Each structure stands twice: as structure tokens, then as C-alpha cells.
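Visitor: I would like a close look at a single part of this protein, taken slowly and with the contacts spelled out. Please choose one element and follow it through its partners.

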Amino acid sequence: MSKPHNALLACGLVMLTACAPPDTASLAPASPDAPPPGQSGFLLAPDSRVMADAAPRPSAQPGQTYALATLIDMAQRNNPETRAAWERTRQAAAAVGLVEASYLPQISAQILTGWQRAEGAGIEDGLGLLPQGNVTGDIGVTTASVSVRWLLFDFGRRDAARAGAEELSFAANVAFTGVHQLLIHNVTQAYYDLQAAQAREGIQRARLSAAHEIAAMAQARRAQELATVTEEAQAGQLVSQARFDLTRAEAETAAANVRLATLTGLSPATRIGINPGDTLALPARPPAELNRFLADTLSRRPDLQAAFARARASEANVALVEASFRPQIVASAALGHRWTSGQLSDDRVPVGLDHASDRDFGRVFVGVNIPIWDGNARAMRLEAAQADHNAALAQAEYLRSSAEGEIIAAYEALKAALAANQAAGDLVRTSRVTYDAARSMADQGLLTVREVDTALRLLYDAQIAEVEARHAIRSSAAMLAFASGQIAGG
């Protein structure tokens, strides 16, 4: 085939393709990792609805300092998770009321009105006196009634539903407490993180000031030809290193400030001022008798209480499905009034026949609903309910095992932090003596800048270690209180 023919054939295929209906399958990504058509990379198109109803967050007053209790109160009032948990408790309580309503009779009122027209051939006259004709009937009916339906007995179906709803309501309530405890713990940890970050920043700032003093001393000695160029450069290096460490400490403080502001519901750009002395006293020692402490605290954990409540609710759901195999006894009654009016006309007769009635009616029934076969659907629901119950029990047991691990880990961390704090205090005292002696000897020209830098670094590293040890004590103590369910939820 010649080239012109190939070109014409290609143009025809393009035109046919353009006229063909679009293939919806081609709109989907070629693979799960491929982005949808019309989007670059994995970025989604902006959605203005995300920020449409977002209320502006409050900001802290400039220069105002906040106590830990104040920040916790702000978080409980502003955090949306607590509001969501409260709405879930209301939903669970309404579910209990809904089940309890099924024990009562259902009363309904009904008003029906309608009109009907019927036409047909008239009755043939056997004597042949009347001609053929049509008969038309117009009937109007209005009924007003009040009916009552009452489920008298269902062999435990409603009892099982109520037991399950009550367990889920209890789980929602303790989960609400757990949300508050988690929020209190997170705010407390963020507060201690910010407090430690500010302390480290203060140490690095003091270290930079001391580095400037050492650099000035090295420059003065260099001017007097008592120090070498290397010592002066080392002093400058000391200042640069201290400035770098201070910048990193400031970044850590800013990050801790953002996290605390976010948890308390303030704007992330808010600079939160805290009082360094506003903190709980350090515990002297961890709780004694770990086994007794562990057994007592596990029963206080809201997540464990909620998990086992959900397991009991799933057990009640199994009983509910089993009860659906049994019959139901239902009573129903209705009381009402019916108005009927109509007209019967025959086109062979000049006068029509009018009809009207006005009467009361009432009826009472007692029935039994016996399930026989439903295509094995109830058996499948029972199997699913039993599997859900087994899964809920396994989840509860896993949570209990995890809770034991969390409590023991926090207990051991508190013991280690207390020991580290005592060692850090001794380290700070000895390091300060060493630095003071090194600085005095450097003033007399007996030590080099590098040796003074080593003593200075050891001193500030010891101070940071003490800050970290105190922070670890407060964090592990807060973690132990949270893991043992001993944080107040109000």
C-alpha cells in the first residue's frame, strides 16, 4: 500500500476515534500507584469546603504566662475530640432509650379518604322490555382509626438488645473519660516538653555568652602575644559551635510550643509563655509493690473497661440473634369510624340510586409469628455475631496485655529517671568545680583555650543532662499515671 493510502487510513482512524463514545474505564488510573487523570503527581485538587466552616482559633495575650492547670482546662473546652466523644455518649444513651421504647405499645392514628368510579353493562332484561344500557357507580369512602400494636413476648430478643445497648452506653461513657485522660496526658507531656526545651535553650544561651567571654580572653591574650593564632581560631570555633547549638535549641522550643498550642486549641502561631517553676514536685520514689499496683490500676483503665464492655455487648448480640429463631406473640387492636357515600345510575332509568352509611368499627387480634425458614440467613447472622464476640474478646485481652506492658515500662522508666537525676546532680556539681578551676588557670595562662572549652562543654552537657533527667521523671510519672488510669478526667 502506498504512503498516501496509509496517510488517508490514519486520518480516518483518528476521526473514528474522535467520534466514538468515551471509555469510562480509561478514566481510572492504570495502576493503584498512578495518579488520576488531570492531576500531577499525587496532589489532590484544593477543596474550599475544608476551610469553609473553620472558625479562627484564639490566640494568647502577649506577655501572659499560663499554668499547666489553665492549659488543661483550655484544651478540654477547645479540643474537638472531647466534643465528639460527648456526642457519642449521647448517641449511645439514645440507643438504650430506643430499645426500651420497644417494650411499650405502638399507637398510631390513620385517616384515609378516597373515591372510586366503576362502569359496566346493565343487567339484561329477560322479557325484552328494556334496551341494552350501562350502569355507573360512584363511591366515596372516608375512614378514621386509631390502632395499637403491642409485642407481648419475644423470648428474650428485647432483653438481649437492651443489655447490649447498655454495655455500649457504658463503653461510650468510659471512652469519654478516656478521651479526657488522654488529652490531659498529652497536654501535660507537651507542657513538660516545652519546659525542658526552654531550659535547654537557656543553657545554650548561657553557653554562648561564656563562649564569647573565652573568645574575648583569647583575643586579649593574642594581643599581648601570650596566645597563638590557633588558640584564637579555636575560641572563634567555640563561639560558632555555641551559636549553632543555640539555634537548634530555639527550633526545638518552637516545635514544642506549636504542639502545646495545637493541643490547647490556640493558634499554632501563638507563643505560649509558661512559668518554669510551675510544675509538680518530683516524686521521691516509684510506687512500691509493683504487682499489687498493677492489679489495682488495670481495673481503672478506661480503654480496658470500654473493651470488655464491648465484648459483653457482642455477647448480648449473640443472644439477640439466637432469640430471632424463636416466635413472637403480638397483640393488635383498632378502633375507628367509616363514612361511605355513593350513587348508582343506569342510563336506561332516569332516576339514580343514592347510598350513604355511617358506622363505627373495632377489631382485636392476638397473633403468633413463627419463623420457619429464611434461606439460612439467621444462621449466617449467628455465625457472624459469634465471630464478632470472639474478636472483641481477643481485642480486650490484647489491650490488657498491652496495658500491663505500658504500666511496667512507665514504672521502670520512672525508677531509671530518678536514679539518673541523682547522678546528673552530682555531675553538675563536679563539672562546675572543674570549669571554675579551668577558667581560673586560663586567666593565669596555665591552660589553653581548648582545655577551657572542654571544661565548659562538660559543664553545660551536665546541666542539659540534669534537665533531661528531670524531664524524664515528670514524663514517666505522667505516663505512669495515665497508663494506670489515675489521671482525673474533670
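Guide: What follows stays mostly with helix 5 and moves from its nonpolar contacts to its charged pairs and then to a helix packed against it. Please keep in mind throughout that this is a predicted model.

I begin with the nonpolar side. The largest nonpolar core has 25 residues, and those with the most contacts inside it are Ile214, Tyr435 and Leu456. At least two residues of this core come from each of helix 5 (157-223), helix 6 (229-263), helix 9 (377-443) and helix 10 (449-483), and the element that gives the most is helix 5, with 9 residues. Leu456 shows how such a position is surrounded: once its neighbours within four places in sequence are set aside, Leu456 is in contact with Arg207, Ala210, Ala211, Ile214, Leu238 and Tyr435. Apart from this core lies another one, of 23 residues, which includes Leu68, Tyr191, Ile272 and Ile487. In soluble globular proteins, nonpolar side chains tend to be buried together.

Leu68 leads briefly to helix 3 (residues 68-78), where Leu68, Leu71, Ile72, Met74, Ala75 and Gln76 are buried. The cover over these buried residues of helix 3 includes strand 1 (65-66), helix 4 (80-101), helix 6 and, again, helix 5.

Now to the charged pairs. The structure holds 18 salt bridges, and Arg200 takes part in the two that I would examine here. One of them joins Arg200 to Glu252, with the closest N and O atoms 3.6 Å apart; because Arg200 lies in helix 5 and Glu252 in helix 6, this pair ties together parts that are 52 residues apart in sequence. Is Arg200 itself buried or exposed? With a relative accessible area of 15%, Arg200 falls under the 20% limit and is therefore buried, whereas Glu252, at 39% relative accessibility, counts as partly exposed.

The side chain of Arg200 also meets that of Glu468 in a salt bridge, at 2.7 Å from N to O. This second pair links distant parts of the chain, with Arg200 in helix 5 and Glu468 in helix 10, 268 residues apart. Glu468 is partly exposed, its relative accessible area being 32%. Through shared partners, the salt bridges join Arg200, Glu252 and Glu468 into one network. Side chains of opposite charge can pair when their charged atoms come close.

There remains the packing of helix 5 against helix 8 (302-323). The axes of these two helices, helix 5 and helix 8, come within 8 Å and cross at roughly 165°. Angles over 145 degrees count as roughly antiparallel, so that is how helix 5 and helix 8 run relative to each other. Helix 5 passes helix 8 in a left-handed crossing. On the helix 5 side, the residues that meet helix 8 include Arg157, Ala160, Ala161, Gly164, Leu168, Phe170, Val174 and Gln181. Among the residues of helix 8 that they meet are Pro302, Gln305, Ala309, Arg312, Ala316, Leu320 and Ala323.

To draw the part together: helix 5 supplies 9 residues to the largest core, carries Arg200 of the salt-bridge pair with Glu252 in helix 6, and lies roughly antiparallel to helix 8.

Key
Residues are numbered from 1 along each chain as its sequence is written. This is a predicted model: local features need pLDDT of at least 70, side-chain atom pairs count only at pLDDT 80 or more; totals for chains, interfaces and linings use all residues. Side-chain values use heavy atoms; hydrogens and water are left out. A nonpolar core is a set of buried Ala, Val, Leu, Ile, Met, Phe, Trp, Tyr and Cys residues joined through side-chain atoms within 4.5 Å. Buried means under 20% relative accessible area, exposed over 50%, partly exposed in between (1.4 Å probe, protein chains only). Helices (H or I, at least four residues) and strands (E, at least two) are DSSP runs, numbered from the N terminus. Contact means heavy atoms within 4.5 Å. A salt bridge is a side-chain nitrogen of Lys or Arg within 4 Å of a carboxyl oxygen of Asp or Glu. Axes are lines fitted to C-alpha atoms, for helices over the stretch in contact, and angles run from 0 to 180 degrees between N-to-C directions. Angles under 35 degrees count as roughly parallel, over 145 as roughly antiparallel, 65 to 115 as roughly perpendicular and the rest as oblique. A crossing is left-handed if the near helix is turned anticlockwise from the far one by less than a right angle, and right-handed if clockwise.
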